[in-house]
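The following paragraphs offer a guided reading of a protein model. Please keep the sequence and the structure in view while following them.

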Amino acid sequence: MSRPPSPSPRLVRTVIPRHGEDIRSVAIRYAKLKRLTLDDLLIAGLRVKEGHLTSLPLKAALAETFAELAGLDAASLRKASFGQGMDGFEVFGSSADIDMLVPHWRRVAPGSLRSDGNEPWIRAHWQIACLPCDPDTGETLTHLCPACGAELTWIRVEDLYRCSRHRCRADLRQAEPRYASTRDREMSALMLGLLRREPSALERMPPVIARATQAEQVQFFSWLGALRPLVNGVIVPVGPFATFRGLGAALTYPASLDCMVRDLMAAHEERDPRFGRLVGAMEMRFRTRDLMGGRIKISVKERLDKLLFRDEVKGLALPPGKAMERRGQKRLVRFDHRAFLLSSQPTNAGWGRALSGLAERPILLAS
Ligand SMILES: [Zn+2]
């Protein structure tokens, strides 16, 4: 008995991925086209448990199995989406900081989904959490259902344009689109350009930042973005929001850092005229330790050396001791910032006692 001839590739129906489409969006559209439920595609087609769609971009073998099943090119599908990096995520081929993505979020722009007509699709770059809006349209992105307020996820999604909560199933395209300010749209375009390593975006940054790796840049933006509100006594966790705000400040680095340090020092001095400036300097040194090693960290440290040296020397100069008094000199104490902040073996017992109250807890400008 002869085997039936294999169908011509032109007769095999499959989806045509859109340029820059998230691989999970392609998979859902494919399931729809083949009249499969998502669980059928995952369990029978890809041989993974239900709910594994979220991690499709993170598992190269799974993505390849899907590409083969759907007759698509695995490399180009994966190129558009984020993936698994050496130590965390990879975005557009460069390793990315952990707070840049929340993989289980399905971020959408309702107005764009509506304008897609019969085949709404999800852009891979919408999933980058530090982009508040789509740079192409300026429409703000959301990961919350406008009807029920629940998180939009990739679990049990049957239609890309619906809330996947069983009781809700709201059509997201009905939501009124909201638009970001011109400045935020411009900054989103710049952020996306930087993530894609586009020369036109890199050229807009100060040289020391432009030459750093993508992971260094993003982490620096996050660090800088969390530093600014601290001046007003507000603690903002590092994360996507801070990352986006920090990009604006990074554009004018190092002037922006100088300004923040000056304000922070002034705020500390206002709170404690005697030790405030020294404490402010210690705090800046301590925070700098969080920066990823590289060009930017070296540059920030050099900048702080210039900005804080006088305060540190002045603050650490002790009243002359008996032996020194005759020569009319001041003693300078070697000081270990970390030991000081962690309250472990301050190098000078007197100072340890004087500042012990401060050293027992991280020094923050609490309100
Ligand atoms: Zn809902």
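Two residues are taken to be in contact here if their C-beta atoms, placed from the backbone, lie within 7 Å. The structure itself is a predicted model. With that contact criterion in hand, one residue of a strand provides a starting point. Glu90 lies in strand E2, which covers residues 88-91. Leaving aside residues up to four places away in sequence, Glu90 touches Phe82, Gly83, Gln84, Gly85, Ser95 and Ala96. Is Glu90 buried or exposed? Since a residue is buried if 20 or more other C-beta atoms lie within 10 Å of its own, Glu90 is buried, because 21 other C-beta atoms are found within that distance. Further along the chain, Met100 is 10 residues from Glu90, and the C-alpha atoms of the two are 9.9 Å apart.

The view may now be widened to the whole chain. The protein chain contains 17 helices and five strands. Of its 367 residues, 35% are buried. When contacts between residues at least 6 apart in sequence are considered, 56% of them join residues at least 24 apart.

Among the helices, H9 deserves separate attention. Helix H9 runs over residues 214-230 and has 17 residues. From its first C-alpha to its last, H9 reaches 25 Å, close to the 24 Å expected at 1.5 Å a residue. Helix H9 is also mostly covered, with 14 of its 17 residues buried.

The packing of helices comes next. Two packed helices are described by the angle between their axes and the distance between the axes. For H9 and helix H10 (residues 240-251), the axes come within 6 Å and cross at roughly 90°. That angle makes H9 roughly perpendicular to H10. On the H9 side, the residues in contact are Val218, Phe220, Phe221, Ser222, Trp223, Leu224, Gly225, Ala226 and Arg228. They meet Ala242, Thr243, Arg245, Gly246, Leu247, Ala249 and Ala250 of H10. Sorted by class, this contact of H9 with H10 comprises 10 nonpolar, four polar and two charged residues.

Helix H10 also packs with helix H6 (residues 182-195), where the axes come within 10 Å and cross at roughly 95°. An angle from 65 to 115 degrees counts as roughly perpendicular, and H6 and H10 are therefore roughly perpendicular to each other. Here Met187, Leu190 and Met191 in H6 meet Phe244, Leu247 and Gly248 in H10. The contact of H6 with H10 has five nonpolar residues, one polar residue and no charged residues. Leu247 of H10 is thus found in the contact with H9 and in the contact with H6.

Beyond H10, the chain leads to H11 through a loop that holds Pro254. The peptide bond from Tyr253 to Pro254 is cis, with omega near 5°.

Helix H11 (residues 255-271) in turn packs with helix H12 (residues 276-288) at an angle of about 140°, and their axes are 7 Å apart. How are H11 and H12 oriented to each other? Roughly antiparallel is reserved for angles over 145 degrees, and H11 and H12 are therefore oblique to each other. Their crossing is right-handed. In this contact, Val261, Leu264, Met265, His268, Glu269, Glu270 and Arg271 of H11 meet Gly276, Arg277, Val279, Gly280 and Met284 of H12. The residues of the contact of H11 with H12 divide into five nonpolar, three polar and four charged.

A last stop is the loop between helix H5 (110-115) and H6, in which Arg156 is found. Arg156 has a positive phi of about 50° although it is not a glycine. Arg156 counts as partly exposed because it has 14 C-beta neighbours inside 10 Å. Arg169 is likewise found in the loop between H5 and H6. Its phi is near 55°, a positive value in a residue other than glycine. With 14 other C-beta atoms within 10 Å, Arg169 is partly exposed.

The loop between H5 and H6 also contains Gly149. Gly149 is exposed, because 10 other C-beta atoms lie within 10 Å, and a residue counts as exposed with 12 or fewer. The C-alpha atoms of Gly149 and Cys163 are separated by 9.7 Å, and the two residues stand 14 residues apart along the chain.

Key:
Residues are numbered from 1 along each chain as its sequence is written. This is a predicted model: local features need pLDDT of at least 70, side-chain atom pairs count only at pLDDT 80 or more; totals for chains, interfaces and linings use all residues. Helices (H or I, at least four residues) and strands (E, at least two) are DSSP runs, numbered from the N terminus. The expected span of a helix is 1.5 Å times one less than its number of residues. Axes are lines fitted to C-alpha atoms, for helices over the stretch in contact, and angles run from 0 to 180 degrees between N-to-C directions. Angles under 35 degrees count as roughly parallel, over 145 as roughly antiparallel, 65 to 115 as roughly perpendicular and the rest as oblique. A crossing is left-handed if the near helix is turned anticlockwise from the far one by less than a right angle, and right-handed if clockwise. Ala, Val, Leu, Ile, Met, Phe, Trp, Tyr, Cys and Pro count as nonpolar, Asp, Glu, Lys and Arg as charged, and the others, Gly among them, as polar.
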